[in-house]
Protein chains: 2
Amino acid sequence: MKKKVSLKDIAQEAGVSTALVSYVMTNKEEKARVGREMARKIRKIAQKLNYQPNHLARSLKSGRSDTIGLIVADISNPFFGHIARTIEDEAKQHNYTVIFGSSDENVDKSGDLINALLNRQVDGLIVIPAEGSEQQIRRLKERHVPFVLMDRPFPDVDASSISINNAGAAYEAVKHLLLSGRRRVGMIAYKTGLHHIAERRSGYTQALSDYGLEKEKRIKLARYSHLRDDIRKAIDQLTGGKHPADALFFATNSLAIEGLRYISELGISVPEQLAVVSFDESEAFDLFHAPVTYIRQPIREMGKAAVRLLLEQIRDGDKPTEAICLDAELIVRQSTAKK
Amino acid sequence: MKKKVSLKDIAQEAGVSTALVSYVMTNKEEKARVGREMARKIRKIAQKLNYQPNHLARSLKSGRSDTIGLIVADISNPFFGHIARTIEDEAKQHNYTVIFGSSDENVDKSGDLINALLNRQVDGLIVIPAEGSEQQIRRLKERHVPFVLMDRPFPDVDASSISINNAGAAYEAVKHLLLSGRRRVGMIAYKTGLHHIAERRSGYTQALSDYGLEKEKRIKLARYSHLRDDIRKAIDQLTGGKHPADALFFATNSLAIEGLRYISELGISVPEQLAVVSFDESEAFDLFHAPVTYIRQPIREMGKAAVRLLLEQIRDGDKPTEAICLDAELIVRQSTAKK
DNA sequence: CTGAAAGCGCTTACAG
DNA sequence: CTGAAAGCGCTTACAG
């Protein structure tokens with residue numbers, strides 16, 4: 001790259017010290033009581049030379065990088081892509097830039113990522129934590145790094161977080177299935193200790209038991225790393241046998257998409273033979289022949305809240321933690337129509 | 001945040017200069033001929049203090065930030081999300097971090113973004129350029145900023161780029177429709193001057209004319225900002241009248257998804273009444289009742305090539321520009337089955 | 001084998 | 001109203 005013009009170049013041309021130029025360029029001329037004439041002259045030269053401040057130098061001096069780090073599970077998953085987009089927009093409004101990384105639901109990657117972002121002096125972190133990363137998160141707290149957990153709070157860690165009422169939303173979804181006449185409702189979830197999935201499972205269980213169907217509990221788990229195979233197996237089991245499920249509740253959009261692929265292949269008719277509800281949204285749900293009933297998370301609000309909480313923490317290191325829990329909404333469509 | 005430990009702290013504890021510590025921490029002990037004992041001692045202290053280098057300071061000094069900037073149209077669009085993911089993975093392998101931004105197909109935003117990333121001293125840029133951003137790209141070249149154009153080359157700008165054979169891929173798609181017995185093939189594209197869309201249009205036109213159907217050309221354009229309305233209007237026009245289209249070719253996945261939503265609403269049967277092909281891929285294409293035939297771009301290869309080209313440019317500022325053009329693949333499925 | 005010193009490009013408290 | 005100086009945390013050419 002061509003050598004960039006620095007404060008020094010401007011100072012030289014204007015015949016003043018770099019200090020003056022710095023004051024003018026950061027609009028602190030008032031405070032530094034720089035002469036109006038001089039300020040104008042400096043600005044003019046800066047313009048002519050097309051001066052662009054070096055953010056790195058500024059950050060090194062000021063201790064603030066105006067950058068936030070974002071850790072998601074996988075940026076190519078539209079759910080996280082949407083979150084990233086909201087955070088980007090919201091951050092930009094406050095003159096922050098976003099560095100991101102995908103943890104792939106992997107603790108080691110997550111740890112490396114956190115370190116890499118921290119070494120780059122991000123002012124704070126928004127993280128959608130991977131399973132088993134509690135320790136890493138605790139370390140953040142010990143080091144007084146401002147951060148916000150998103151999507152998946154850790155019940156045992158006292159940290160600011162944005163999440164939704166997972167148990168409640170799952171409960172509503174299952175209740176909706178029961179009210180539409182289904183009795184054998186299966187659930188497919190990730191095999192994970194993450195709290196948000198546990199909550200979704202407990203919402204499911206609670207609904208069944210409130211409707212006197214605790215005996216009908218049928219949950220299958222799929223590994224993130226063997227998604228396709230595990231889901232196929234799960235569906236085979238749930239829809240086979242003497243008392244096949246007449247409804248399926250998927251705990252996330254990726255589970256549902258993979259599941260629906262297989263359901264189509266098998267020629268199972270939705271919603272006649274099998275009603276379907278999923279967490280999250282997806283364009284794919286719209287194009288399924290029976291548009292899929294889903295639980296809509298308020299992604300925009302979540303992103304906004306996350307950035308807000310983080311910036312407050314950055315500004316005030318002693319801000320008490322704040323856990324925000326938003327409500328999700330059940331969007332009812334064809335895939336759960338009454339039989 | 002708590003004060004971080006710096007080289008100085010280690011130097012103090014070890015009773016040596018920061019220079020020594022720096023050499024050891026960057027594994028240049030050989031070159032600096034630091035004593036083995038001393039090196040061990042320094043490493044031990046660094047470990048104990050949990051030393052983490054400040055990347056900002058390093059970058060300021062070295063002039064390299066080991067960060068690349070990525071500009072996409074919209075990170076929440078899975079197509080770009082996938083590209084981002086490949087670039088992230090590939091960059092990480094070379095110890096680079098990625099800062100990203102969404103231009104929203106808007107020239108002003110794109111300009112702001114480029115500046116913001118450059119001020120943060122990214123070593124180079126991978127950009128999926130917005131319409132009308134030629135000037136911004138030319139400026140990059142003038143300033144000798146390493147960069148690679150992706151997805152959309154500018155024919156009038158001599159720059160390194162990764163793209164696919166858009167005209168050829170479109171040609172194949174339309175040819176496939178014609179060979180499957182369709183005669184009135186409509187196309188829906190973005191209203192844009194961007195070259196890759198122009199190429200897709202010309203592939204369409206060429207195919208029609210090669211098959212003696214130039215009179216049957218029916219292209220409709222939709223504005224990015226009025227996607228839904230424009231597509232609905234376009235589909236109404238194409239499928240209405242005395243000679244309704246019997247096939248539709250969508251120039252991108254977002255156009256197709258919006259279009260298929262409407263086609264479902266209208267109750268038009270695919271592929272019987274209307275065959276459908278789209279550029280790009282999407283999970284939604286799989287779940288459509290007649291899985292959609294699409295043109296698969298080699299995203300992984302594209303991302304890898306982009307990073308490779310960029311890093312070569314960063315290493316060698318005089319590297320001549322290189323335009324890589326990859327082939328796309330037509331994946332034939334139900335939506336274009338013979339009538 | 002080791003260290004002092006300069007410098008990357010900024011900011012800001014301080015002195016005049 | 002203006003400027004000299006110190007310093008953020010590193011790296012590296014140079015001198016011993």
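Q: Which of the 25 residues around DNA strand D come nearest in this predicted model?
A: Let's start at the DNA, keeping in mind that this is a predicted model. Around DNA strand D there are 25 residues, drawn from chains A and B. The ones that come nearest are A:Ala32, A:Lys61, B:Ser22, B:Tyr23 and B:Arg58.

Q: What percentage of the atoms of DNA strand D that come within 4 Å of the protein do sugar and phosphate account for?
A: Here we look at the DNA side of the meeting, taking just the atoms of DNA strand D that come within 4 Å of the protein. The share that sugar and phosphate account for is 50%.

Q: How many angstroms separate a phosphate oxygen of DNA strand D from an N or O atom in the side chain of B:Arg58?
A: B:Arg58 is one of the residues that come nearest to DNA strand D. Chain B has other links to phosphate oxygens of this strand: a backbone N or O atom of B:Leu7 lies 2.9 Å from one, and a polar side-chain atom of B:Tyr51 lies 2.8 Å from one. For the side chain of B:Arg58, the distance is 2.7 Å.

Q: Which elements each supply at least two residues of the surface near DNA strand D?
A: That surface has 13 nonpolar, seven polar and five charged residues. Both protein chains take part, with helices from chain A and from chain B. The elements are α2 and α5 of chain A together with α2 and α5 of chain B.

Q: Which residue has a polar backbone atom 2.7 Å from a phosphate oxygen of DNA strand C?
A: Now for the other strand, where 25 residues lie around DNA strand C, and A:Ser22, A:Tyr23, B:Ala32, B:Gly35 and B:Lys61 come nearest. A:Lys28 uses a polar side-chain atom, 3.2 Å from a phosphate oxygen of DNA strand C. The residue with its backbone atom at 2.7 Å from a phosphate oxygen is B:Gly35.

Q: What kind of oxygen of DNA strand C is 3.4 Å from a polar backbone atom of B:Lys61?
A: Among the atoms of DNA strand C within 4 Å of the protein, 50% belong to sugar or phosphate and the rest to bases. With B:Lys61, the partner of the polar backbone atom is a base oxygen.

Q: What does the UniProt annotation covering residues 5-62 of chain A say?
A: The span itself is 72% helix and 0% strand, and its end C-alpha atoms lie 20 Å apart. The label comes from an unreviewed UniProt entry, and it reads "domain: HTH lacI-type".

Q: Which residue in β11(B) stands opposite B:Ile164?
A: Away from the DNA, take strand β5 (residues 161-164) of chain B: B:Ser161 and B:Ser163 point one way, B:Ile162 and B:Ile164 the other way, and all are buried. Two bridges join the parallel strands β4 and β5 of chain B, with B:Met150 partnered by B:Ile162. β5(B) also pairs in the parallel sense with β11 (residues 323-326) over four bridges. There, B:Ile164 stands opposite B:Leu326.

Q: Why does B:Gln297 count as buried?
A: B:Gln297 lies in the loop between β10 (293-296) and α14 (299-315) of chain B. Leaving out residues up to four places away in sequence, B:Gln297 touches several others, including B:Phe79, B:Asp151, B:Ile164, B:Arg200 and B:Met302. Buried means under 20% relative accessible area. B:Gln297 counts as buried because its relative accessibility is 2%.

Notes: Residues are numbered from 1 along each chain as its sequence is written. Chains are lettered from A and ligands numbered from 1 in the order in which they are written. This is a predicted model: local features need pLDDT of at least 70, side-chain atom pairs count only at pLDDT 80 or more; totals for chains, interfaces and linings use all residues. Side-chain values use heavy atoms; hydrogens and water are left out. A residue is near a molecule or strand if one of its heavy atoms lies within 4 Å of it. A polar contact is a pair of N or O atoms within 3.5 Å; within protein, one must be able to donate a hydrogen and the other to accept it, and residues adjacent in sequence count only if both atoms are side-chain atoms. UniProt positions are given in the numbering used here, feature names are shortened, and annotations may be inferred rather than shown by experiment. Ala, Val, Leu, Ile, Met, Phe, Trp, Tyr, Cys and Pro count as nonpolar, Asp, Glu, Lys and Arg as charged, and the others, Gly among them, as polar. Buried means under 20% relative accessible area, exposed over 50%, partly exposed in between (1.4 Å probe, protein chains only). Two strands pair if DSSP finds at least two bridges between them. Contact means heavy atoms within 4.5 Å.
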